[in-house]
Amino acid sequence: MLGDKMTKNILSIKDLSFSYRRKNFIENMTLDLEEGINVLIGHNGSGKTTLIKILATIYKVKAGEIFLNDISYKNLDQIKKLIAYVPQKFNSYDNIKVKEYIDFMSGFKSSNPDEYLNLFGINEYKDKKLKALSEGMKKRVIIAGALSLKPKLILLDEPSSGLDKEGREELRKIYEHIKINYPQVIILYSTHLEEDIFQCVDIIIEVKEGKIIFNGDLESYKER
């Protein structure tokens with residue numbers, strides 16, 4: 001697990017801008033994130049998915065700078081080894097079994113697959129195909145696979161999409177589990193729903209038209 005004390009993981013975004021076909025999606029954004037559960041909230045079109053994809057190295061940094069533990073995003077090969085990305089839709093591995101998926105993902109960093117099967121409570125589903133799982137349980141498996149890569153930063157694009165109330169509760173338990181067992185990982189997930197802001201969240205970043213309009217803890221968010 002990643003619970004051993006070491007240098008803090010920090011994501012630093014400085015004066016980031018991103019435009020496409022003369023439309024600005026991110027404008028002069030500056031943000032520092034530390035270890036813990038961070039939520040990026042905003043209406044559709046606010047720029048949150050664009051930011052997640054930039055941080056996932058899907059979109060290239062065009063203006064501004066991003067650093068993860070003082071490593072510049074210009075060094076893509078190094079950065080890609082430090083991050084894990086969970087897209088909104090994930091159907092590529094639907095036909096393989098849970099254990100096969102965890103074995104495959106953990107193999108990249110020589111992780112112990114049983115650690116993730118047991119800690120995430122998915123061992124009893126190990127012989128089931130991903131497509132046979134509920135959406136909430138499937139998210140649990142995908143996130144367990146992402147953690148097995150031993151990343152410093154995990155990015156989740158609208159992870160609650162398609163989940164019912166039970167699925168959202170499952171997601172909340174996953175975040176709490178990560179916070180306890182993997183405290184040195186930076187988690188950043190996006191949503192457009194306030195109901196996805198759980199009590200375990202450390203920092204809330206609200207974006208509108210590509211700009212940050214709020215950056216603070218849950219108590220401050222409720223009081224504004």
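# A tour of the salt bridges, the sheet and helix 5

Select Arg224 and Glu194: their side chains form a salt bridge, 3.9 Å from N to O. The pair links distant parts of the chain, 30 residues apart. Arg224 sits in the segment after helix 7 (218-223), and Glu194 in the loop between strand 8 and strand 9. Both Arg224 and Glu194 are exposed. Now add Arg168, Glu195 and Asp196, which salt bridges with shared partners join into one network. Bear in mind throughout that this is a predicted model.

**More salt bridges**

The count of salt bridges comes to twelve. Next, pick Asp202 and Lys179. They form a salt bridge, with the closest N and O atoms 3.0 Å apart. Asp202 lies in the loop between strand 8 (186-191) and strand 9 (203-208), and Lys179 in helix 6, so this pair ties together parts that are 23 residues apart in sequence. Asp202 is partly exposed, at 27% relative accessible area. Lys179 is also partly exposed, at 32%.

Stay on helix 6 and select Glu169 with Arg172. Their salt bridge brings the closest N and O atoms to 2.2 Å. Both residues belong to helix 6, three residues apart, or about one turn of the helix. Residues three or four places apart point the same way, because an α-helix has 3.6 residues a turn. Colour by accessibility, and Glu169 comes out partly exposed, with a relative accessible area of 32%.

**The open sheet**

Move to the open sheet of four strands. Its order is 2-1-4-5, and the pairing is antiparallel. Strand 2 (23-34) and strand 5 (71-72) are the edge strands, each pairing on one side only. Now show strand 1 (residues 10-20) and strand 4 (residues 63-68). They run antiparallel, joined by five bridges. For one bridge partner, select Ser12 and look across to Phe67 in strand 4. Then bring in helix 1 (residues 48-55), which packs on the sheet. Helix 1 touches strand 1, strand 2 and strand 4, and its direction makes about 120° with that of strand 1.

**Two backbone stops**

Go to Asn28, in strand 2. Asn28 is not a glycine, yet its phi is positive, about 45°. The residue counts as exposed, at 57% relative accessibility.

Then go to Thr57, in the loop between helix 1 and strand 4. Here too phi is positive in a residue other than glycine, near 70°. Thr57 counts as buried, at 18% relative accessibility; the cut-off for buried is under 20%.

**Helix 5**

Finish with helix 5, residues 135-147. How far does helix 5 reach from its first C-alpha to its last? The span is 18 Å for 13 residues, close to the 18 Å expected at 1.5 Å a residue.

Switch on a surface. Helix 5 is mostly covered, with twelve of its 13 residues buried. The buried residues include Gly136, Met137, Val141, Ile142, Ile143 and Leu147. Charged side chains are on the list as well: Lys138, Lys139 and Arg140 are among the buried residues.

Which elements do the buried residues of helix 5 pack against? Show three helices: helix 3 (98-106), helix 4 (113-119) and helix 6 (165-181). Then add strand 6 (83-86) and strand 7 (153-156), which also pack against those buried residues. Helix 6 is a return visit: Glu169 and Arg172 both lie there.

Notes:
Residues numbered from 1 in each chain as written. Predicted model: local features only at pLDDT ≥ 70, side-chain atom pairs only at ≥ 80, totals over all residues. Heavy atoms only, no water. Helix = DSSP H or I, 4+ residues; strand = E, 2+ residues; numbered from the N terminus. Expected span 1.5 Å × (residues − 1). Buried < 20%, exposed > 50% of the residue type's maximum accessible area, 1.4 Å probe, protein only. Contact = heavy atoms within 4.5 Å. Salt bridge = Lys/Arg side-chain N within 4 Å of Asp/Glu carboxyl O. Pairing = 2+ DSSP bridges. Axes fitted to C-alpha atoms, helices over the stretch in contact; angles between N-to-C directions.
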